[in-house]
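Colleague: I have a chain on my screen and would like to talk it through with you. Could you take my questions one at a time?

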Amino acid sequence: MHRKPVPNPAFIVDAASLSGPVDFSLLFGRTAPVHIEIGSGKGAFLVHQAAAFPQHDFLGIEWAAEYYRLTADRLARRGLSNARMIRTDAVDFIRRFVPDNSVEMFHLYFPDPWPKRRHHKRRFFCEANLRRMLRCLRAGGLINFATDHEDYFQQSIRLAQQAVDEGLAEPADFFRPAGAGEGEITGTNYERKYRKEGRPIYTLALRKSDK
């Protein structure tokens, strides 16, 4: 019988223990640029990026318990002390526990597109969450977004342009993660699956205005 990995406490954040904004310097034991991945899945991005950039700190948010445990176990096995996992609702976590001007970069790769029109309000990349991410970013910080769903991408483009028009953000070049192989954009498991199915991949990047 296959045994589920038990997350090493050193590589997780207990959502139930949070009572206020997270002090990332206490969480990681140092002061360094902080990256947050929303929806870590099986951890392909987080593992490769944390290994490639030891001078940065990474927090992965994942709701699915199986993937949360798997990714935390992968981080522990590789001794990636600059990365942590938390199992929680990303919207609530960012709204309540991520301080203003504290994040270097948000990574959002292939979130659920909620394709049915009546479910569009559940999409993570929406006006409210975009404003929350911009609030949390340091001046000049980035949002890196990729999806295989054209309608979701077009919606995100409209929201991004609105933020640009308001002077909150500027268009930026998509930052290609360290785990992306030849011909890949993100190197995540979802990208590899969708490429095999022949789906196009769309990307968007925004930089928080310095104003």
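What follows is a friendly round of questions and answers about this predicted model.

Colleague: Let's begin with the overall make-up: how many helices and strands are there in the protein chain?
Modeller: Happy to start there, and please keep in mind that the model is predicted. The C-alpha atoms fill a box of roughly 45 × 40 × 35 Å along the principal axes. Within the protein chain there are seven helices and eight strands.

Colleague: What radius of gyration does the protein chain have, next to that of a compact globule?
Modeller: A compact globule with 211 residues would have a radius of gyration near 17 Å. The value for the protein chain agrees with that, because it is 17 Å.

Colleague: What share of the residues of the protein chain counts as buried?
Modeller: Long-range contacts are a good place to begin. Among contacts between residues at least 6 apart in sequence, 78% join residues at least 24 apart. As for burial, the share of the 211 residues that counts as buried is 49%.

Colleague: Now the helices. Are α2 and α3 roughly parallel or roughly antiparallel?
Modeller: Helix α2 (residues 44-52) and helix α3 (residues 65-77) have axes that come within 9 Å and cross at roughly 20 degrees. Angles under 35 degrees count as roughly parallel. The crossing angle therefore makes α2 and α3 roughly parallel.

Colleague: Which residues of α3 meet α2?
Modeller: The crossing of these two helices is right-handed. From α2, the residues taking part are Ala44, Leu46 and Val47. By class, the contact has four nonpolar, one polar and one charged residues. On the α3 side, the partners are Thr71, Arg74 and Leu75.

Colleague: Which residues in α2 are buried?
Modeller: Several elements help to cover the buried residues of α2, including β2 (34-38), β3 (57-61), α3 and α7 (189-196). Strands β4 (83-86) and β5 also belong to this cover. The buried residues beneath are Ala44, Phe45, Leu46, Val47, Gln49 and Ala50.

Colleague: Is the crossing of α4 and α5 left-handed or right-handed?
Modeller: The axes of α4 and α5 come within 10 Å and cross at roughly 40 degrees. The two helices are therefore oblique to each other. Val91, Ile94 and Arg95 in α4 meet Asn129, Arg132, Arg135 and Cys136 in α5, a contact that divides into three nonpolar, one polar and three charged residues. The crossing of α4 and α5 is left-handed.

Colleague: And α5 with α6: which residues of α6 make the contact?
Modeller: Helix α5 (residues 127-136) and helix α6 (residues 150-165) pack at an angle of about 50 degrees, with axes 10 Å apart, so α5 is oblique to α6. Here α5 passes α6 in a right-handed crossing. Glu127, Leu130, Arg131 and Leu134 of α5 make the contact with Leu159, Ala160, Gln162 and Ala163 of α6.

Colleague: Phe110 caught my eye in the loop between β5 and α5. Is Phe110 buried or exposed?
Modeller: Phe110 has a phi near 55 degrees, a positive value in a residue other than glycine. Most residues other than glycine have a negative phi. Buried means under 20% relative accessible area. Because its relative accessibility is 6%, Phe110 counts as buried.

Colleague: What is the relative accessibility of Asn101?
Modeller: Asn101 sits in the loop between α4 (90-97) and β5 (103-109). Its phi is near 55 degrees, a positive value in a residue other than glycine. Asn101 counts as partly exposed, with a relative accessibility of 44%.

Colleague: Which residues does Ile201 touch, not counting those up to four places away in sequence?
Modeller: Ile201 is in the loop between α7 and β8 (202-208). At 15% relative accessibility, Ile201 counts as buried. The residues that Ile201 touches, beyond those up to four places away in sequence, are Phe110, Thr147, Asp148, Ile185, Glu191, Tyr194 and Arg195.

Colleague: One more: how far apart are the C-alpha atoms of Leu168 and Leu80?
Modeller: Leu168 lies in the loop between α6 and β7 (169-171) and is partly exposed, with a relative accessible area of 33%. Among the residues Leu168 touches are Arg131, Leu134 and Arg207. Leu168 and Leu80 are 88 residues apart along the chain, and their C-alpha atoms are separated by 34 Å.

How values were computed: Residues numbered from 1 in each chain as written. Predicted model: local features only at pLDDT ≥ 70, side-chain atom pairs only at ≥ 80, totals over all residues. Heavy atoms only, no water. Axes fitted to C-alpha atoms, helices over the stretch in contact; angles between N-to-C directions. Helix = DSSP H or I, 4+ residues; strand = E, 2+ residues; numbered from the N terminus. Parallel < 35°, antiparallel > 145°, perpendicular 65-115°, else oblique. Left-handed = near helix turned anticlockwise from the far one by under 90°. Contact = heavy atoms within 4.5 Å. Rg over C-alpha atoms; globule rule 2.2 N^0.38 Å. Buried < 20%, exposed > 50% of the residue type's maximum accessible area, 1.4 Å probe, protein only. Nonpolar A, V, L, I, M, F, W, Y, C, P; charged D, E, K, R; others polar.
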